[in-house]
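Here are some exercises to try with the structure open beside you. Have a go at each task before you read its solution.

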Amino acid sequence: MPCLYISTNVSLDGVDVDPIFADATRAVAQIIGRPEHLVMVILKGSVAISFNGNKEPAAYAEIVSMGGINREVKRKLIATIGSILQARLCIRKERFFLKVYDTTAGQAKAASKL
């Protein structure tokens with residue numbers, strides 16, 4: 001079950017977040033190759049974030065998945081989630097950081113040593 005957690009310094013008061021949830025859920029499911037009903041998206045606004053020494057709109061996100069992550073998937077996730085945040089919350093792509101974590105990555109390395 002992939003989980004995408006997005007924190008932003010943009011206030012979400014009065015913002016229709018449903019399209020953000022829908023777009024992010026669809027994107028994660030398609031890119032990682034999991035059904036949409038298994039994707040969790042958490043969106044938190046009004047978080048104190050300073051990026052490049054200023055507090056202009058920015059976002060930090062983490063995605064955790066049990067498998068399905070490789071270099072190409074990471075690139076697609078960064079580009080697609082960045083595009084969603086730019087379109088929906090006016091956060092420029094260069095002010096967005098995504099941490100990608102595959103919980104099975106260490107298991108594959110350990111299994112190969114056996």
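Helices (H or I, at least four residues) and strands (E, at least two) are DSSP runs, numbered from the N terminus. This is a predicted model, so local features need pLDDT of at least 70 and side-chain atom pairs count only at pLDDT 80 or more, while totals for chains, interfaces and linings use all residues. Residues are numbered from 1 along each chain as its sequence is written, and side-chain values use heavy atoms, with hydrogens and water left out.

**Exercise 1. Work out the strand order of the open sheet.**

Step 1: Recall what pairing is. Strands of a sheet pair through backbone hydrogen bonds, either parallel or antiparallel. Here, two strands pair if DSSP finds at least two bridges between them.

Step 2: Try one pair. β1 (residues 3-8) and β3 (residues 59-65) are antiparallel, with 6 bridges. One spot to look at is Thr-8, whose bridge partner in β3 is Ala-59.

Step 3: Put the 4 strands in a row. You get β2-β1-β3-β4, with mixed pairing. The edges are β2 (40-44) and β4 (96-102), each pairing on one side only. From one strand to the next, the twist averages 10 degrees.

**Exercise 2. Find which strands helix α1 touches, and which ones α2 lies across.**

Step 1: Fix the terms. Contact means heavy atoms within 4.5 Å. Axes are lines fitted to C-alpha atoms, for helices over the stretch in contact, and angles run from 0 to 180 degrees between N-to-C directions.

Step 2: Take α1 (residues 18-32). This helix packs on the sheet and touches β1, β2 and β3, at about 140 degrees to β2.

Step 3: Now α2 (residues 71-89). That helix lies across β1, β3 and β4, at about 140 degrees to β4.

**Exercise 3. Decide which residues of α2 are buried and where they sit around the helix.**

Step 1: Set the cut-offs. Buried means under 20% relative accessible area, exposed over 50%, and partly exposed in between (1.4 Å probe, protein chains only).

Step 2: List the buried ones: Val-73, Leu-77, Ile-81, Gly-82, Ile-84, Leu-85 and Leu-89.

Step 3: Look down the axis. The buried residues fall within an arc of 160 degrees (taken from the directions from the helix axis to the C-beta atoms), so they line one face of α2. An α-helix has 3.6 residues a turn, so residues three or four places apart point the same way.

Step 4: Check the other side. Arg-71 and Ala-87 are exposed there, and Ala-87 has a relative accessible area of 63%.

Step 5: Ask what does the covering. The cover over the buried residues of α2 includes β1, α1, β3 and β4.

**Exercise 4. Find the element that gives the largest share of the largest nonpolar core.**

Step 1: Define the core. It's a set of buried Ala, Val, Leu, Ile, Met, Phe, Trp, Tyr and Cys residues joined through side-chain atoms within 4.5 Å.

Step 2: Look at its members. There are 29, and Leu-4, Val-28, Ile-63, Leu-77, Leu-85 and Leu-98 touch the most others.

Step 3: Sort by element. β1, α1, β2, β3, α2 and β4 each give two or more residues, and α1 has the largest share, with 7.

**Exercise 5. Find where Cys-90 lies, and say whether this residue is buried or exposed.**

Step 1: Cys-90 is in the loop between α2 and β4.

Step 2: Its relative accessibility is 61%, so Cys-90 counts as exposed.
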